[in-house]
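Please look over the sequence and the structure below before reading the report, which deals with salt bridges, a surface patch and a strand residue.

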Amino acid sequence: MSNRRARSDGRILHGHLPGTVGAPKASRRSLAPSPRKLQSSTAPERQIELLARLETAEETLRAIQSGEVDALMVSGRRGEQVVSLQGGEPAYRMLVEAMSEGAATLSRNGTMLYCNRRFAELIRRPAGKVIGIAVQSLVAETERDRFETLLAEAQKTVAKGEFNLRCANGTMIPVHLSLSQFRGFKGQALGMVITDLSEQKRRQAGEIKQAEAMHRLLLEHEISAQEEERRRIARELHDEAGQLLTALLVGLRTLEDTRKLTDVKVQGHRLREITAQAIDEVGRIARGLHPTVLDDHGLGVALSRYVAEYTKTHKIVVDLRLNEIDSGNLPSAVQIALYRILQEALTNVARHSGAKAVSIRFTRLATALEVAVIDDGCGFDAKAVAVSSHRLGIHSMRERAAMLGGTLSFTSRRKRTKILVQIPLANPDFQSLVGRSKT
């Protein structure tokens, strides 16, 4: 009985073996010897012939087990018939070859038994030169121990990992490897899927560069804001506290030359007033840097004191409506951010609007906290401010709101400007801040 093997590349291999298994030899002789030939053959010749048959059978079985054989062409009394082998359908091989991912079959020690076209393209080697080599030789030297661990893990379960494979030109290509055991081979064969990560790595590198650039911009903005704050403090110290201290010094010198007791008392009273003003001014500057009352008593008390001082200083009536019950359980980070936003908003009103009255409204909704600041000033060009919002401090206010996952918007027209801050209470960052504030 003769047979031929149909391979995945479309070739038919002829062979002769008793039964239904083909061999890769192209001999036309029947391997079932006749008694006459066996009698005429000497013992050494029969031994050689039997060894040749055994070698042919082993080669055929090896070809079937390794997947090289898709079907057998069996010759018998009914003529030649094609017997398909289970798992050897050409359609599956065509599918693997058409995959956009690399695919390979490995022995349990990592020897390459088969690879598809895509894998050969990835490592820039002809497919024929990949078969038979150890995958470990393709893996970067620093990652080979880790690959051996992955290979051992794949004997039991699906194993995955990222590695760098060496191409024929010496370059390294990042890939994701997924290995699993082939059923029916008793752990002797492993399937491997190879995913090219080059584009993903390039995209990640671009995102990292973009994040680094953003970090540099934020750092530059932070440094710029710090310098601006230092200039403001220096200006206030020079204009307010510095002048008061200078007046105090001049008064003390005048006091030295005063001879009448009544004049000394008058001068002393005046110097005491100057000293009190200097203390108040230094305290005001200190509170502007960081209001300790915010830490001690919360947002409601801190804003009430600031509004009272603001009204006294700028002669602008401020109507503050804040529910202390709602504001008291806000985390400290939220309270500080809202305090600074309102501080900046009221400073803008005093410097630019010419307003006579300001109202501040806190509204606690189911999913958000809204804070509205409305003044009756002259308004401003909203489009111009959108282009260069740093002039009115709106940029810094937006940044503080964004840190809490919120937003800041504004509308302005003649006799009415409204700034609206919205902080989502359902924001995960907000909830984590609330949790930390309660501990």
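The report takes up these topics in turn, and the model it describes is a predicted one.

## Salt bridges around helix α4

A search of the whole structure finds 8 salt bridges. Two of them have Glu121 as the acidic partner: the side chain of Glu121 meets that of Arg117 with an N to O distance of 2.8 Å, and it also meets the side chain of Arg118, where the N to O distance is 3.7 Å.

The spacing along the helix bears on both pairs. Glu121 and Arg117 are 4 residues apart in helix α4, which spans residues 117-122, so about one helical turn separates them. Glu121 and Arg118, being 3 residues apart in helix α4, are likewise separated by about one helical turn. With regard to solvent, Glu121 counts as partly exposed at 40% relative accessibility, Arg117 is partly exposed with a relative accessible area of 40%, and Arg118 is partly exposed with a relative accessible area of 24%.

## The Arg146 pair and a shared network

Arg146 forms a salt bridge with Glu143, and the closest N and O atoms of this pair are 3.8 Å apart; the distance can be read against the cut-off, because a salt bridge is defined by a side-chain nitrogen of Lys or Arg within 4 Å of a carboxyl oxygen of Asp or Glu. The two partners fall into separate accessibility classes, since Arg146 is partly exposed with a relative accessible area of 41%, whereas Glu143 is buried with a relative accessible area of 11%.

Elsewhere, salt bridges that share partners join Arg117, Arg118, Glu121 and Asp196 into one network.

## A nonpolar patch on the surface

Met214, Leu217 and Leu218 form a nonpolar patch on the surface, and together these residues have about 300 Å² of accessible area. Leu218 lies in helix α7, which covers residues 198-257, and at 46% relative accessibility Leu218 counts as partly exposed.

## Ser359 in strand β11

Is Ser359 buried or exposed in this model? Ser359 is buried, because its relative accessible area of 16% falls in the class defined as under 20%. This serine lies in strand β11, made up of residues 357-364.

When residues up to four places away in sequence are not counted, Ser359 touches Asp319, Ala372, Val373 and Ile374.

Definitions and conventions:
Residues numbered from 1 in each chain as written. Predicted model: local features only at pLDDT ≥ 70, side-chain atom pairs only at ≥ 80, totals over all residues. Heavy atoms only, no water. Patch = residues over 30% accessible without salt bridge, like charges linked within 9 Å, V, L, I, M, F, W, Y side chains within 5 Å. Areas by Shrake-Rupley, 256 points an atom, 1.4 Å probe, with all protein chains shown as cover. Helix = DSSP H or I, 4+ residues; strand = E, 2+ residues; numbered from the N terminus. Buried < 20%, exposed > 50% of the residue type's maximum accessible area, 1.4 Å probe, protein only. Contact = heavy atoms within 4.5 Å.
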